[in-house]
Amino acid sequence: MINNGISIENAAQMLLGADNILILCHKNPDGDTLGSAAALMYALKSRNKICAVLCQDKIPEKYDFLGIDVYENQFVPEFIVSVDVADQKLFGDDVMVYGENVDLCIDHHPSNTGYAKAVCCDGTLPAAAQLMYSVVAAMDVEIDRTIANCLYTGLMTDTGCFKFSSTTAETHIVAAELLRCGAEHNFISERFFMSRSKKTIELEKYALNTMEYYFDGRCAVIVLPKDVLEKVNAQPSDIDGISAIPRSIEGVDVGITIRQINDNTFKISVRTTECANASEIAQGLGGGGHTRAAGCEVICSLEGAKNAILREVETALCR
Ligand SMILES: [Mn+2]
């Protein structure tokens with residue numbers, strides 16, 4: 001449990017009182033961690049702060065329009081803020097030297113471990129970007145089109161185009177406000193939801209052909225082996241949407257996607273309907289996340305990974 005929680009106003013004051021600020025994202029970055037980080041970067045710059053964004057992994061090209069300044073030792077960090085990062089493990093080994101000294105964490109994961117000196121976390125929000133909208137406003141920064149596009153990207157990607165159950169009336173109010181500030185919603189949705197790479201389609205073909213059902217069809221499992229990913233030359237951004245496929249099938253309450261990272265390391269993504277808790281399933285194997293979307297990483301054989309997650313799924317479906 002987090003015992004170093006602070007308010008949005010306090011988070012804004014901490015940021016305004018700091019300079020030479022390093023903004024940290026989680027590894028395998030998504031639209032929420034990058035959009036929130038970019039929005040904070042522009043907000044800080046507008047208040048004449050020196051800052052830059054650091055992520056262990058290369059930022060995928062489709063996020064180029066965010067215009068993120070990547071940290072390349074151009075200053076010595078005096079203040080470190082993480083966005084959308086629930087657990088220190090999610091920084092990745094390469095940036096752990098900073099990840100171990102986070103001054104402020106801005107997040108929306110109920111599973112946040114409280115690793116930072118101060119934590120501004122609202123686990124009821126569907127996206128860190130929704131919280132960042134309030135933080136930026138509390139910093140007395142005017143939300144221009146650039147910041148609006150960054151926040152809208154986070155909001156839209158983490159809510160699956162405002163479709164996930166975590167979306168609330170307040171989410172739509174924030175989205176509407178971002179449109180008023182000039183957010184280019186059609187450009188962003190085209191980019192993230194209305195086009196898929198040919199590599200993604202290749203992976204989907206493989207995934208659908210090899211998908212397996214368990215527990216009377218209530219669980220569907222997709223496996224993406226390393227050799228297939230290599231053959232397609234898939235980038236992380238090509239894999240993003242695939243984990244939504246098994247859960248989208250009629251009658252399936254738990255969708256599992258198992259991706260092979262190396263010989264004996266597997267990344268498992270869990271998606272559920274209201275009939276099961278994804279976070280609980282992932283926590284059973286040392287992971288975490290949200291009620292409907294969560295994940296974990298296991299080190300064992302493929303059969304071992306599959307059996308382990310299916311045991312957790314069975315327990316969850318019996319609850
Ligand atoms: Mn997020």
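## A hairpin to start with

Let's begin at a turn in the chain: N262 stands opposite T265, a residue of strand β9. This pairing belongs to a hairpin made by β8 and β9, with 2 residues between the two strands. Keep in mind as you explore that this is a predicted model.

The two strands run antiparallel, and 8 bridges join β8 to β9, which covers residues 265-272. Another pair to look for is R259 with its bridge partner in β9, K267. Strand β8 is mostly covered, as 7 of its 9 residues are buried.

## The sheet around the hairpin

Which strands make up the sheet, and in what order? It is an open sheet of 6 strands, ordered β6-β7-β8-β9-β11-β10, and its pairing is mixed. The edge strands are β6 (212-214) and β10 (288-289), each of which pairs on one side only. As background, strands of a sheet pair through backbone hydrogen bonds, either parallel or antiparallel.

You can find both kinds of pairing here. Strand β7 (residues 219-224) runs parallel to β8, and 6 bridges join them; in this pair, A220 stands opposite G255 of β8. By contrast, β9 and β11 are antiparallel, with 7 bridges, and F266 stands opposite V298 in β11.

## Strand β11 and its two faces

Strand β11 (residues 293-299) has a covered face, formed by A294, C296 and V298, and an uncovered one, formed by A293, G295, E297 and I299. Strands β10 and β11 pair in the antiparallel sense over 2 bridges. They form a hairpin with 3 residues between them, and G288 stands opposite G295 of β11.

Now step to the loop between β9 and α11 (278-283), where T273 lies. Is T273 buried or exposed? With a relative accessibility of 12%, T273 counts as buried. For a sense of scale, the C-alpha atoms of T273 and G92 are separated by 30 Å, and these two residues are 181 residues apart along the chain.

## A pocket between two domains

The second largest pocket holds about 340 Å³ of space. Of the 17 residues that line this pocket, N28, P236, R259, Q260 and I261 are the closest to its centre. You have already met R259, the bridge partner of K267. The elements giving two or more residues to the lining are α9 (226-232), α10 (236-239) and β8 (254-262).

What kinds of residues form the lining of the second largest pocket? They divide into 5 nonpolar, 5 polar and 7 charged residues. Where does this pocket lie with respect to domain 1 and domain 2? Domain 1 (8-193) and domain 2 (198-318) both give residues to the lining, so the pocket lies between them.

## The manganese site

Which residues are the protein donors of the manganese ion? They are D32 (OD), D84 (OD), H108 (NE2) and D158 (OD), and they lie 2.1 to 2.3 Å from the ion. Along the chain, the donors follow the spacing D-x51-D-x23-H-x49-D. The pair D32 and D84 links distant parts of the chain, 52 residues apart: D32 sits in helix α2 (residues 31-46), while D84 sits in the loop between β3 (79-83) and α3 (96-99).

Both D32 and D84 are buried. For D84, the relative accessible area is 2%.

## Unusual backbone angles

Most residues other than glycine have a negative phi. D84, one of the manganese donors, has a positive phi of about 70° although it is not a glycine. F162 is another non-glycine residue with a positive phi, this time about 65°. F162 lies in the loop between α5 (145-158) and α6 (169-180), and it is buried, with a relative accessible area of 17%.

A further positive phi, near 65°, belongs to D140, which follows helix α4. Helix α4 (residues 128-138) is mostly covered, with 8 of its 11 residues buried. The buried residues in α4 are A128, A129, Q130, L131, M132, Y133, V135 and V136.

Key
Residues are numbered from 1 along each chain as its sequence is written. This is a predicted model: local features need pLDDT of at least 70, side-chain atom pairs count only at pLDDT 80 or more; totals for chains, interfaces and linings use all residues. Side-chain values use heavy atoms; hydrogens and water are left out. On a 1 Å grid over the protein atoms alone, a cavity is a set of points where a 1.4 Å probe fits but cannot get out, and a pocket is an open set with protein on both sides within 12 Å along at least five of seven lines; lining residues have an atom within 4 Å of a point. Grid points are joined across faces, edges and corners, and a volume is the space filled by probe spheres set on the points. Helices (H or I, at least four residues) and strands (E, at least two) are DSSP runs, numbered from the N terminus. Ala, Val, Leu, Ile, Met, Phe, Trp, Tyr, Cys and Pro count as nonpolar, Asp, Glu, Lys and Arg as charged, and the others, Gly among them, as polar. Domain bounds come from an automatic or database domain assignment. Donors are N, O and S atoms within 2.8 Å of the metal (3.2 Å for Na, K and Ca); water is not among the atoms, so sites may look incomplete. Buried means under 20% relative accessible area, exposed over 50%, partly exposed in between (1.4 Å probe, protein chains only). Two strands pair if DSSP finds at least two bridges between them.
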